[in-house]
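Thanks for coming. I have one structure to go through today, and I will keep it brief. Please have a look at it first.

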Amino acid sequence: MIELADVLAARERLSPRLAPTPFLQSQVLSAMTGAAVWVKFENHQFTASFKERGALNKLLTLSETERSRGVSAMSAGNHAQGVAYHAKNLGIPAVIVMPAHTPSVKVEHTRAHGAEVVLAGETLAEATEAAKRITAERGLTFVHPFDDPMVMAGQGTVALEMLDAVPDLDVMVTPIGGGGLISGVATAAKGVRPDIEVVGVQAACYPSMLCAMRGEPPEGTGNTIAEGIAVKYPGALTTEVVKARVDAVLTVDEPRLEQAVALFLFIEKTVAEGAGASPLAALLEYPGRFAGKKVGLVLSGGNIDPRLLASVIMRELIREGRVVTIRLPISDRPGTLAQVTAVLRDSGANIMEIQHHRTLLALPAKEASLEIAFEARDREHGRSVVAALTAAGFQPEVL
């Protein structure tokens, strides 16, 4: 089990190469949640993820022989880029094994950092087996994404920086996937401040560490926007640290994760991936647990697919009532569509999209159906627009 001394040693190694990331209070998030909220912006790392810390610490502890032979890693995202980037800076050859279906942008970013990328396997488990085989064949040193003492210690430097900036934090809230980040954070935080609370957060569909803490078989299946913590099997080493030093593990569902990603963008003007937003999602889901406390959130990374981010933003606007979609039947005669759009215009609604169906067999021959998406100022304004259509004699159905 790693100790505070390991994290302090990691900080000494990393400090000449990694500058501390910002740790700032959010007045708006504090007001929303009832807690004093501070955010650790690990998305400001060069590769936009905390993973650089553990990867670099591991690389810096290698012998000259190990460096000359090279390293390997298995990752579909942040760990791959962290290893590749720092291996290049240190002159260490790196081979990164990624699942065959890894998005091309992640593959190209990893290659751009100078690593050899091998696409193998349909799943992370299959890619891991391929990585083990390549590691043995080439005599490489494997850099595990989380279940490695040096990786865990490197990640723990996040907590040291947080306590340097705000020594009287009450709680640290950290994402949990395989457990490398929270293992390091808990070790450092408890070592410096034994009374501090450390809370981990998992996606509800991948509660693997929570299961491990309860002594239950691991669970993990389904789709989540927090793919960075969608880990079915946590590390053996990390699980022991979590059991000993983490106070609680909470789970959050997809709507909360989406809301948290959107709030980071809308309020903090910063991009958070789903995993990185999970600590904020926990504050939103369990406000009573954190109310009145000084809370540090680890925004662990900002590598989110732009198309997914666009979808998350639109879905949140719909939840907030700022984008409304309605369906309404109309008479199929000239001028009716103009009457509908006139009501929307006079109500201050901005039409985003309109579909005019005239040939659906489910409709009477003399009727048509409209589907309209419009922007509203807020939820109340959207309701007033629907009410105006009703008052004009139409029968809008909110979808």
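I will start with the whole protein, then take one helix, one loop residue and one sheet.

Keep in mind that this is a predicted model. The protein has 17 helices and 14 strands. Its C-alpha trace spans about 80 × 50 × 40 Å along the principal axes. Of the 399 residues, 53% are buried. The exposed surface comes to about 17,100 Å², and carbon and sulfur atoms supply 53% of that. As for contacts between residues at least 6 apart in sequence, 72% join residues at least 24 apart.

Now helix α5, residues 78–90. How far apart should the ends of its 13 residues be? At 1.5 Å a residue the expected span is 18 Å, and the end C-alpha atoms are 18 Å apart, so the two agree. Eleven of the 13 residues are buried, which means that α5 is largely enclosed by the rest of the structure. The buried ones include Asn78, His79 and Ala80 at the start, and Leu90 is also among them. What do these buried residues pack against? The partners are three helices, α3 (51–60), α4 (64–69) and α6 (104–112), and two strands, β3 (71–74) and β4 (94–98). After α5 comes Gly91, with a positive phi near 70°.

Next, Ser75, which sits in the loop between β3 and α5. Is this residue buried or exposed? Its relative accessible area is 8%, and under 20% counts as buried, so Ser75 is buried. The Ser75 side chain reaches the backbone nitrogen of Ala80 at 3.1 Å. Ala80 is itself one of the buried residues of α5. Leaving aside neighbours within four places in sequence, Ser75 is in contact with Ala80, Ile96, Val97, Met98 and Pro99.

Last, a sheet from later in the chain. Four strands form an open, antiparallel sheet in the order β12-β13-β11-β14. The edges are β12 (350–357) and β14 (397–398), each of which pairs on one side only. Strand β12 and β13 (residues 367–375) are joined in the antiparallel sense over seven bridges. In that pairing, His357 stands opposite Ser369 of β13. In general, strands of a sheet pair through backbone hydrogen bonds, either parallel or antiparallel. Helix α17, residues 379–391, lies across β11 (323–331), β13 and β14. Its direction is at about 5° to β11.

That is the tour; I can take questions now.

How values were computed. Residues numbered from 1 in each chain as written. Heavy atoms only, no water. Expected span 1.5 Å × (residues − 1). Buried < 20%, exposed > 50% of the residue type's maximum accessible area, 1.4 Å probe, protein only. Contact = heavy atoms within 4.5 Å. Polar contact = N/O pair within 3.5 Å; in protein donor to acceptor, adjacent residues only side chain to side chain. Pairing = 2+ DSSP bridges. Axes fitted to C-alpha atoms, helices over the stretch in contact; angles between N-to-C directions. Areas by Shrake-Rupley, 256 points an atom, 1.4 Å probe, with all protein chains shown as cover.
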